[in-house]
Amino acid sequence: QVQLVESGGGLVQAGGSLRLSCAASGSFFSINAMGWYRQAPGKQRELVAGITNGGRTNYADSVKGRFTISRDNAKNTVYLQMNSLKPEDTAVYYCEAEVRRGPGRTTYDYWGQGTQVTVSS
């Protein structure tokens with residue numbers, strides 16, 4: 001079983017910064033891509049940023065230039081540095097990981113429990 005545990009959410013004023021962390025633990029062979037998603041009330045979950053195990057990144061247009069995703073493969077941890085936060089960034093942020101349980105190519109998606117980010121105006 002694989003667990004993803006997120007931390008770092010909270011309440012911040014517009015223009016402020018937060019750093020989210022997500023650590024994977026349990027029994028698995030390796031982790032491919034990892035990513036951060038968010039879901040605001042009444043909206044669908046959307047991709048915020050993703051990173052491959054080789055370090056290639058992609059971002060939603062709405063966060064480009066403000067958010068930075070990174071990972072520490074030795075710690076099986078992914079981070080999201082969020083700067084210049086806006087009220088519209090308010091959402092529950094979820095960590096996701098594509099995990100290989102064994103040496104084969106099959107991957108399984110795992111999700112964290114979510115962490116609330118609230119940006120006040």
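This is a short tour of the core, one of its strands and the disulfide in the structure above.

The model is predicted, so local features are reported only at pLDDT of at least 70 and side-chain atom pairs only at pLDDT 80 or more, while totals for chains, interfaces and linings use all residues. Residues are numbered from 1 along each chain as its sequence is written, and side-chain values use heavy atoms, with hydrogens and water left out.

**Stop 1: the core.** Select Trp36, Val48, Phe67, Val78, Leu80, Met82 and Tyr93, which have the most contacts inside the largest nonpolar core, a set of 29 residues. A nonpolar core here is a set of buried Ala, Val, Leu, Ile, Met, Phe, Trp, Tyr and Cys residues joined through side-chain atoms within 4.5 Å. Buried means under 20% relative accessible area, exposed over 50%, and partly exposed in between, with a 1.4 Å probe and protein chains only. Among the elements giving two or more residues to this core are β3 (18-26), β4 (30-39), β8 (77-82) and β9 (91-100). Strands are DSSP runs (E, at least two residues), numbered from the N terminus. In soluble globular proteins, nonpolar side chains tend to be buried together.

**Stop 2: Leu80.** Now pick Leu80 and show what surrounds it. Leaving aside residues up to four places away in sequence, Leu80 touches Leu18, Arg19, Leu20, Trp36, Val48, Ala49, Phe67, Thr68, Ile69 and Tyr93. Contact means heavy atoms within 4.5 Å.

**Stop 3: strand β9.** Which strand gives the core its largest share? Select β9, which supplies five residues. Eight of the ten residues in β9 are buried. Next, add its partners; two strands pair if DSSP finds at least two bridges between them.

- β4 runs antiparallel to β9, joined by eight bridges; here Trp36 has Cys95 as its bridge partner.
- β10 (residues 108-111) is also antiparallel to β9, with four bridges; look for Glu96 and its partner Trp111.
- β11 pairs with β9 in the antiparallel sense over three bridges, and Ala91 stands opposite Val117.

**Stop 4: the disulfide.** Stay on Cys95 and add Cys22: a disulfide joins them, with S to S at 2.1 Å. The criterion is a pair of cysteine sulfur atoms within 2.5 Å, and a search of the whole structure finds one such disulfide. This pair links distant parts of the chain, Cys22 in β3 and Cys95 in β9, 73 residues apart. Is the disulfide left-handed or right-handed? The torsion about its S-S bond is about -80°, so the disulfide is left-handed. Cys22 is buried, with a relative accessible area of 0%, and Cys95 counts as buried at 0% too.
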